[in-house]
Amino acid sequence: MSDKKLITMELEGRKIRVPEGLTVIEALWDTGHDVKRGIGCLSGLCGACTVAYLEKGAGKVRFGLGCQVVVTEGLNVIMLPYFPSRVAAYRLEEMDDPYSRLPEVYPEVTGCTGCRACNVCPEWINVAEMMKKAREGDCAGATEPVMDCHMCGLCASRCPQSIAPHYVGLYLQRASARRYPIPPNLEERLAQIRDGVYRAKWDEADALDEEGLKEFCRRVREEPA
Amino acid sequence: MYPEDLCRLIERVDATRAERLKQDVPRLTEAEQADLLKKYHPDYKDCAFRTLRVGPNKGERTTHEIADLLESFGDLDHSKVPLTPAFDTDVLVLGGGGAGVTAALFAGQTGARVLLATKLRLGNSNTIMALGGMQASVDRADSPLRHFADTLSAGKFAGRQELVRTMVEDAPEVVKWLLDTGVNFDRDSSGNLALKKGGGLSAARILSIGDHTGLNIMKVLKDELRRDDKIEISEFTPAVELTTNERGQCNGAVLFDLGRRRFITVRAKAVVLATGGSGRLHFQGFPTSNNFGATGDAIVLAYRAGARVEGLDSFQYHPTGVMFPDHMVGILVTEAIRSLGAHLVNVRGERFVNELETRDAVAAAIIRECERGGGVTTAGGRTGVWLDIPVLEQIHGAGVLRQRFRALFRQFMRVSINIVRRPLLIYPTLHYQNGGILIDVNGETSVPGLFVAGEAAGGLHGRNRAMGNSLLDIFVFGRRAGVAAALRRGENPGAVGFGHVHDYYERLRALRISSISKSPTLFPDFIVDKL
């Protein structure tokens, strides 16, 4: 055993002493919770390990990621993964302007009262602002912050209207990708490959021995762009 | 927040920044690079490896950690596993990361029945942790040939030519598919795909979505899976053994239901193994950037079934893994930071390597610097060097970090470290399994009916993977494996059995090997090294 200082905390409703410096996930493992669900990247990126916690003396419950929140004396914490959310079925390729169809796909968006309870994002997304933009038809504006969303669903857990902002965001994100035409540089390259522009060079490479291949690669890499 | 002793050392980083900006650190010559790798790269540390005594790669070198798993009896009691399949399907996909999901989507498109089984939640994988981006030669100044040459060179010409060619030629098509599916890659003002440079690449070729590229692709693909009701998903059910028929073809797998603690036998016409890499085996005691589930299960399952592996003595140590604070050790700092010009700085405030060398060389240079006494040691006993990120604000203008590295900025603001003003302490972190189960251009292994895609597969990246090629290869070979596996759906899979395991164990017994291991590992043992 080590000389690490122990702290007392409440973990999944159980008062328990754990060494200081652990994350919530590590504290769970250390105290015999065989946690597999709700564990993912352990880097604060995947959103699998959402937790709700009350710090000692604090008046307000906070939310975060169990692999990033370090336990402190008097902390009261539970895991909160997999909050139930309604997900719409849709086929983007059958829509001309998916942005304009948002009120049909997610009609609950119009029921958003702007209470801002959803602003608990561990990635600091201003979810309320995003929902406001979506409600008012500024879909491009609403899509912008969604790139930071890792679908943990904490925002949905707070919504009194049972809206799942993370799924609304995902719809908008996918819709946004379909609004642009195929990138010209990609289209050009696809045509070149289709037309066999590189075929002779590939044949040349295929016929080379090991040393020849190294020389070939050196030449290709050094050609001016 | 940094403690006082580190803050004092950071003052040296701040004080030397202006001088360093004027400095040009020369690139290594080929001979210098070879010498550096030989002396300092973990792949060349002979005592960490041994020669396999059994199986298709008998006589070849791999890490002790992998050899321990392969040269032992698994703790699964095969007599307790029901041999009557609980599920019959056309294609069984094992793994719910980018490669598995892609294989499932393409197999499903052909009309095949698909069951995708995954150890954790669908999508929980190293794919979502791919920060920097994905390679595809779409720029005018670039070409698939250049991509080919860069990839082979980065891999020290140990990668297989036909696999590399397949990957680079498919790349633009894969990008088109992702765009059509609703992946919003960053664009420039003229609507072209925006491109970044990467270490060791001869052209700008990295596509990205902010600094959350893999995550945003995975979100979309996972969502896309919902639409196909022929694809069934089974979460929290890792595969613990493959099954074969009397002809030695792979025809299913045994899954372990983590909740019910029961075995489920699945029979299939073909199996796609896409369970990722092995960072959580912590080779040589290195920290890892990998997901909780990356325990090398695919190697164990496939090797016992008789599949050849290749290059399992080569791993990628990403140069910039976090060393402080303690609870973030091993987490990756994206290579894009170095691509843009951030400096690696020793305890004296000096640069010691050109930051745009390939990952293996930069990692070796950091290890050398720390062994030579140029490192910074934390109270937690870890040693690293500084990654001077604030310098980017001077090169590219104030605000660039908050704008282009939003995720990284937040990640460290949570622990009160402001990357706009503070460098990060870093050291190489175990990042990628360069080798794996040998595949052909359709992802099939030397075992008929067994396909492999993604990090589990080998033969492609040689001895060092270039940045952005793993995010690409999971889609290229996930697609090919999914389609090729689905083409087997007219075949008779035969009865499921463990003949291959009995044969394999017979050979272990003949060698007087009696050790038992938990193999596949499934989950890393929890060791809190802070205790």
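Strands here are DSSP runs of E of at least two residues, numbered from the N terminus. With that convention in hand, B:Pro520 can be placed in the segment after strand 21 (516-517) of chain B. The structure described here is a predicted model, and the cis bonds of chain B make a handy starting point. One cis peptide bond joins B:Ser519 to B:Pro520, with omega at about 0 degrees. Another links B:Phe324 and B:Pro325, again with an omega of about 0 degrees. B:Pro325 belongs to the loop that runs between strand 13 (315-322) and helix 9 (336-339) of chain B. For context, most peptide bonds are trans, and most residues other than glycine have a negative phi. Chain A offers a case of the backbone angle: A:Glu12 is not a glycine, yet its phi is positive, at about 50 degrees. This residue, A:Glu12, sits in the loop between strand 1 (6-11) and strand 2 (14-19) of chain A.

Turning to the overall build of each chain, chain B contains 15 helices and 21 strands. Its radius of gyration is 23 Å, close to the 24 Å that the globule rule gives for 531 residues, so chain B is as compact as a globular protein of that length. The C-alpha trace of chain B spans about 70 × 55 × 45 Å along its principal axes. Chain A, for its part, has nine helices and five strands, arranged along the sequence in the pattern β-β-α-β-β-β-α-α-α-α-α-α-α-α. Here the radius of gyration is 25 Å, well over the 17 Å expected from the globule rule for 225 residues, and chain A is therefore more spread out than a compact globule. Its C-alpha trace covers about 70 × 55 × 30 Å along the principal axes.

Within chain B, three strands make up an open sheet with mixed pairing, in the order 12-18-20. Strand 12 (309-310) and strand 20 (457-458) of chain B are at the edges; each has a single partner strand, so one side of each is left without a neighbour in the sheet. Strand 18 (residues 436-438) and strand 20 of chain B run parallel and are joined by two bridges. In this pairing, B:Ile437 is found opposite B:Ala457 of strand 20.

The two chains also meet each other. Their contact draws on 74 residues from chain A and 76 residues from chain B. About 6900 Å² is buried between chain A and chain B, and carbon and sulfur atoms give 58% of that area. The interface holds 37 residue pairs in polar contact, both residues being at pLDDT 80 or more. On the side of chain A that touches chain B, the elements giving two or more residues are helix 1 (24-30), helix 6 (165-177), helix 7 (184-194), helix 8 (199-206) and helix 9 (210-222) of chain A. That side of chain A comprises 42 nonpolar, 12 polar and 20 charged residues.

Salt bridges complete the picture. Over all chains, 63 are found in the whole structure, and 11 are found across the interface of chain A and chain B. One of the interface pairs is A:Glu144 with B:Arg406, whose closest N and O atoms are 3.0 Å apart. Inside chain A, the side chains of A:Arg219 and A:Glu204 form a salt bridge at 3.1 Å, N to O. This pair links distant parts of the chain, 15 residues apart, with A:Arg219 in helix 9 and A:Glu204 in helix 8 of chain A.

Methods. Residues are numbered from 1 along each chain as its sequence is written. Chains are lettered from A and ligands numbered from 1 in the order in which they are written. Side-chain values use heavy atoms; hydrogens and water are left out. Two strands pair if DSSP finds at least two bridges between them. Helices (H or I, at least four residues) and strands (E, at least two) are DSSP runs, numbered from the N terminus. Contact means heavy atoms within 4.5 Å. Buried area is the accessible area (1.4 Å probe) that two parts lose on being put together, summed over both. A salt bridge is a side-chain nitrogen of Lys or Arg within 4 Å of a carboxyl oxygen of Asp or Glu. A polar contact is a pair of N or O atoms within 3.5 Å; within protein, one must be able to donate a hydrogen and the other to accept it, and residues adjacent in sequence count only if both atoms are side-chain atoms. Ala, Val, Leu, Ile, Met, Phe, Trp, Tyr, Cys and Pro count as nonpolar, Asp, Glu, Lys and Arg as charged, and the others, Gly among them, as polar. The radius of gyration is taken over C-alpha atoms; the globule rule is 2.2 Å times the number of residues to the power 0.38.
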